[in-house]
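I opened a fresh page today and worked through this model one lookup at a time. Here are my notes, in the order I made them.

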Amino acid sequence: MNPVSGRQVLAAAVVVGVAVLGAGFVLARSIDRMTAQLDATGAKLEGIRAEIEGAGDTVVAARAPTRPARPDPNRRYTVNTEGAPALGPETAPVTLVEFSDFQCPFCSRVGPTLEQVRETYGDQVRIVFKHLPLDMHRNAPGAHAAAEAAGRQGKFWEMHDKIFANQRELNDEKYKEYATELGLDVARFEKDVASDEVKARIEADKREAARLGATGTPSFFINGRFLSGARPFEAFQEVIDAELEAKQDA
């Protein structure tokens, strides 16, 4: 081998080795910097995520309505029935108060059950109606105003029955038609429907329902004892019989 050529090859190998080592060192430094940058970015993203979640929790907490607890069936509540439409004598030993919504299908469904209560117990049970048009039912307030206005002329229950019998047609023209059929003074009826007094009556019932924790319809209070939903006759019978028995033993 040519000695000069051997030294040249060795020198070249040394140069290449140094270059590789240098490149490796530079690459390692670059990787370290990239890793540090990724770690920093990850930390920032985690912080942003935590802020978003915290903000979301704050929004949910801000939106969550405060409401009283659901009524306890084992408690006895005081319900204001003054001036409310009622069927049966004030002296009845049992008073059944219904918070109802004219657009609620379950309220319509429980109607025959309440009629069965009246047929079974007669003057022993007084049935009282309270307004609770739910916010989700946009046509309910007008129906309640129509029934309350008809009540100002002594025809609440007749309007009540017509509205529930035609629950898919909740509109002002229908209420006016019913008022005519019932022989009401239609001009007075329309004035009462739009009156502040009628609106105030409905709002007062809604506030009372909220105070009691009755947030759904139909909600019942039988001598102050809570019963929820469109229950079968037997559910009402059980509570009413217990109340009548308690009155007899007192």
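**Entry 1: a salt bridge across the chain.** I began with Asp135, which forms a salt bridge with Lys206; the closest N and O atoms are 3.8 Å apart. I then checked where the partners sit: Asp135 is in the loop between β3 and α4 (140-151) and Lys206 is in helix α8, so the pair ties together parts that are 71 residues apart in sequence. Asp135 is exposed, at 74% relative accessible area, whereas Lys206 counts as partly exposed at 22%. A reminder to myself: this is a predicted model, and each number in these notes is computed from it.

**Entry 2: the other salt bridges.** How many salt bridges does a search of the whole structure find? I got 13. I looked at Glu243 and Arg225 next, whose side chains meet in a salt bridge at 3.1 Å, N to O. This pair links distant parts of the chain, with Glu243 in helix α9 and Arg225 in strand β5, 18 residues apart. Glu243 counts as buried, at 5% relative accessibility, while Arg225 is partly exposed with a relative accessible area of 26%.

I also noted a salt bridge between the side chains of Glu115 and Arg118, at 3.9 Å, N to O. They are 3 residues apart in helix α3, so about one helical turn separates them. Glu115 is partly exposed at 37% relative accessible area, and Arg118 counts as partly exposed at 38%. Finally, I found Lys130, Asp205, Glu208 and Arg211 linked in a network of salt bridges.

**Entry 3: helix α9.** Glu243 sent me to its helix. I see that α9 covers residues 233-249, 17 residues, and reaches 24 Å from its first C-alpha to its last, close to the 24 Å expected at 1.5 Å a residue. Which residues of α9 are buried? My list reads Phe233, Ala235, Phe236, Val239, Ile240, Glu243 and Leu244. Looking down the axis of α9, I find these buried residues within an arc of 165°, so they line one face of the helix. The face turned away from that buried side carries the exposed residues Glu234, Glu238, Gln248 and Asp249.

I then asked what the buried residues of α9 pack against. The partners are β2 (94-100), α3 (111-121), β3 (125-131), β4 (219-222) and β5 (225-228).

**Entry 4: Thr113, on the α3 side.** I picked Thr113, which has its place in helix α3. At 13% relative accessibility, Thr113 counts as buried. Not counting residues up to four places away in sequence, Thr113 touches Arg231, Pro232, Phe233 and Phe236. Phe233 and Phe236 are both on my list of buried α9 residues.

**Entry 5: Ala209 in α8.** Back in the helix of Lys206, I looked up Ala209, which belongs to α8 (residues 196-212). Is Ala209 buried or exposed? Ala209 is buried, with a relative accessible area of 0%. Leaving aside neighbours within four places in sequence, Ala209 is in contact with Phe99, Leu132 and Ala214. I also noted that Ala209 and His131 are 78 residues apart in sequence and 8.8 Å apart in space, C-alpha to C-alpha.

**Entry 6: nonpolar cores.** The largest nonpolar core has 22 residues, and Phe102, Met159, Ile163, Tyr175, Leu184 and Phe189 touch the most other members. I traced where the core comes from: α4, α5 (156-165), α6 (172-181) and α7 (186-193) each supply at least two residues. Taking Leu184 as a sample, and leaving aside neighbours within four places in sequence, I find contacts with Ala150, Gln153, Lys155, Met159, Ala179 and Phe189. There is also a second, separate core of 16 residues, which includes Leu96, Val110, Val125 and Leu244. Leu244 is already in my notes as a buried residue of α9.

**Entry 7: cysteines.** How many disulfides does the structure hold? I count 0. Cys104 made me look twice: the closest cysteine sulfur, in Cys107, is 3.4 Å from the sulfur of Cys104, too far for a bond, as a disulfide needs the sulfur atoms within 2.5 Å. Cys104 is buried, with a relative accessible area of 3%, and Cys107 is buried too, at 2%.

Notes
Residues numbered from 1 in each chain as written. Predicted model: local features only at pLDDT ≥ 70, side-chain atom pairs only at ≥ 80, totals over all residues. Heavy atoms only, no water. Helix = DSSP H or I, 4+ residues; strand = E, 2+ residues; numbered from the N terminus. Expected span 1.5 Å × (residues − 1). Buried < 20%, exposed > 50% of the residue type's maximum accessible area, 1.4 Å probe, protein only. Arc of directions from axis to C-beta. Contact = heavy atoms within 4.5 Å. Salt bridge = Lys/Arg side-chain N within 4 Å of Asp/Glu carboxyl O. Core = buried A, V, L, I, M, F, W, Y, C linked by side-chain atoms within 4.5 Å.
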